[in-house]
Structure formats: C-alpha cells, structure tokens
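Let's walk through this structure together, beginning with one idea about how residues meet and then moving from a single site out to the whole chain.

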Amino acid sequence: MTAEVSRRLTPPERYQFAASVRSLLVPKHDPCGVLRDGELWLAVRSPAGPATLRLAREAGELVATGHGPGAGWVIERADAIAGLRDDVSGFADLSRRHPLVARLATTFAGVRMPATGQVFPRLLRAILEQKVTGTEAHRSYRKICRHLGEPAPGPVPLVLPPDPAAVAARPYWEFHPLGVEQRRTQALLRAAQVAARLEECADSAEATRRMTALPGIGPWTAAEVVRTAFGDPDAVSVGDYHIPNTVAYALAGEPRGTDERMLELLEPFRGHRGRVCDLLAMGGLMAPRYGPRMPVRSFARF
C-alpha cells in the first residue's frame, strides 16, 4: 500500500530553494532524484521503508509531500532536507572578517545547507568521487544506482539508493564493469558492511570518527558526507585537489595553497568553515589553472 502525507513549511526570508537542495543530487542526471520546474523529487530508503519526497514552492511556502511506506519518516525530516534547520545565526558577523566572504554571504543569504539524516547514500557517492574526475565518479554512481536500485514509490520514475546489504553482498569484480576499480570498491564494500552502525551516529563528529576508522575512508570523504547528512557547516574537505587553491586565491590572492594554508585562512570562520568553501564555489571563485586537466578515464575498459 502506498501512503501519501503532506506538510506545509515556512522558509526563511529570501530562501533560495534550488540552490539549497541542488547538492543532494549528482549533477546533470541523478537516478534517485530530480530538480526541475521549482520542485525536488528525492527517493529515500528510510528506516520506515521506501519513500519519495516532493518539495515544491507554493505562494511563499514550501509544500512537502511524501509517498510510500516511509512517507511519514521523510515528511518529518522534510524541513531538514530542505535546509530549514540550518542555523546561520552568528555567521553574518563572522563573514565580515573578510570583504569577499561578506559580499558572498549577502548574495547567497537565502541558501541553506540540507541535512538528510542518512549517511550511506552520500558515502557511496563520496567514495566513488575519490581520486577521479567528477565525470568518472558520477557516471559510475548512475550505473550502480541503476544496477542495484529498485523502483521508488510515487508518480516520478526514480530508483531508490542501493541497499547497503545488496552492495555488501557483491564481489568486488562486479563493480569493475560499472567503472570502479578494486581500491574504491573495497572501501565501498567495507562501508556497506557497517552501514547500520554509521546510520546510528548521533552527530557529525561521531560519524566522522566511525567513517575514518575504516580503511580507504579519510578526512576528505568524511567531510563530504557529514556536510550533507548532518548539515555540518564547519566540515572542510581536507585533501581536495582544488579547494586549497581556491581558498588561498580567494582569501589571500595566492594562486596555490596547501591544506595547512587553507585551514589557516579559514580559521577566522571556525564553525562555518565549510560554509565559506561552499560560498566560494557558488560565487564561481577559482584559482588560475597551470597545466592540463585530469583526464577522464573509463575503468570499465581497463
């Protein structure tokens, strides 16, 4: 039986819906969700069962509708998924410590950080994004979701994120045709085996400790996960290929930066360091490029 539950939410002034929820989806096409015509459809494998959440702007309100056995669970979390639980109090004062950050904070004042409350779906994507281009990672993500996903409830043709148990039961070589080599696959299988424990984490710090205790999962992967699963505004993706350069260039005019320099420059914004990095990305800030881009490969053909 397919349940349907609705709830009306009141977003903050100047709330930017699309910019707030866009990070929940893989760019260009996500088998588990779609953002179009002012509404988000998101398939969720909730503790109460499969669900699909629809979020849409209507006359200044945000209308949330849940479909499927897990409709009640996803509706209860709808405000967090939309970013409405994001606490930005105090950030305006912090942002004034640098004129560029202050300007971006004003421009994107209506953007909020979502918090899905689910670790493994974002961890799957983050592991796939390790040490490869976004194009490669997202291509593999789509293939895995189509290969292991199941039809989601509701009127939109989406698939549910892969069940961790189904992922853990696969041999590593099954992921090779999907574009994932052995190293990332082994990290994914280890994460899938303890997914239930990861979902029990009470906060960002506990989730980070548990994830980084697993071989193949470091600070970068953990930060990418907790920023979305818990809406952690202070999570910084240490070890990223581009972010240290972007931060150094935007905040100090230095064309190249290290992780250490990045953290030094972000220290005045502690508590919202990850938010500052997001603002720089939304503002299109980018360090000068010297040399060729990383090539797009296909591990499935190796």
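Two residues are in contact when they have heavy atoms within 4.5 Å of each other. Keep that in mind as you look at this predicted model, and start with Ala-102. This residue sits in helix 5, which covers residues 99–107. Leaving aside residues up to four places away in sequence, Ala-102 touches Ser-95 and Arg-96.

Is Ala-102 buried or exposed? Its relative accessibility is 19%, and buried means under 20%, so Ala-102 counts as buried. Now look along the chain to Val-119: 17 residues separate it from Ala-102 in sequence, and the two C-alpha atoms are 31 Å apart in space.

Stepping back, you will find 15 helices and five strands in the protein chain. Its radius of gyration is 19 Å, close to the 19 Å that the globule rule gives for 302 residues, so the chain is as compact as a globular protein of that length. Along the principal axes, the C-alpha trace spans about 55 × 50 × 35 Å.

What share of the 302 residues is buried? Buried residues make up 53% of them. The contacts tell you about the fold as well: among those between residues at least 6 apart in sequence, 65% join residues at least 24 apart.

Finally, turn to the surface and the charges. The protein chain exposes about 14,000 Å², with carbon and sulfur atoms supplying 54% of that area. There are 39 positive and 32 negative side chains in the protein chain, and the centres of these two sets lie 5 Å apart.

Conventions:
Residues numbered from 1 in each chain as written. Predicted model: local features only at pLDDT ≥ 70, side-chain atom pairs only at ≥ 80, totals over all residues. Heavy atoms only, no water. Helix = DSSP H or I, 4+ residues; strand = E, 2+ residues; numbered from the N terminus. Rg over C-alpha atoms; globule rule 2.2 N^0.38 Å. Buried < 20%, exposed > 50% of the residue type's maximum accessible area, 1.4 Å probe, protein only. Areas by Shrake-Rupley, 256 points an atom, 1.4 Å probe, with all protein chains shown as cover. Lys, Arg positive; Asp, Glu negative; His and termini not counted. Charge placed at Lys NZ, Arg CZ, Asp CG, Glu CD.
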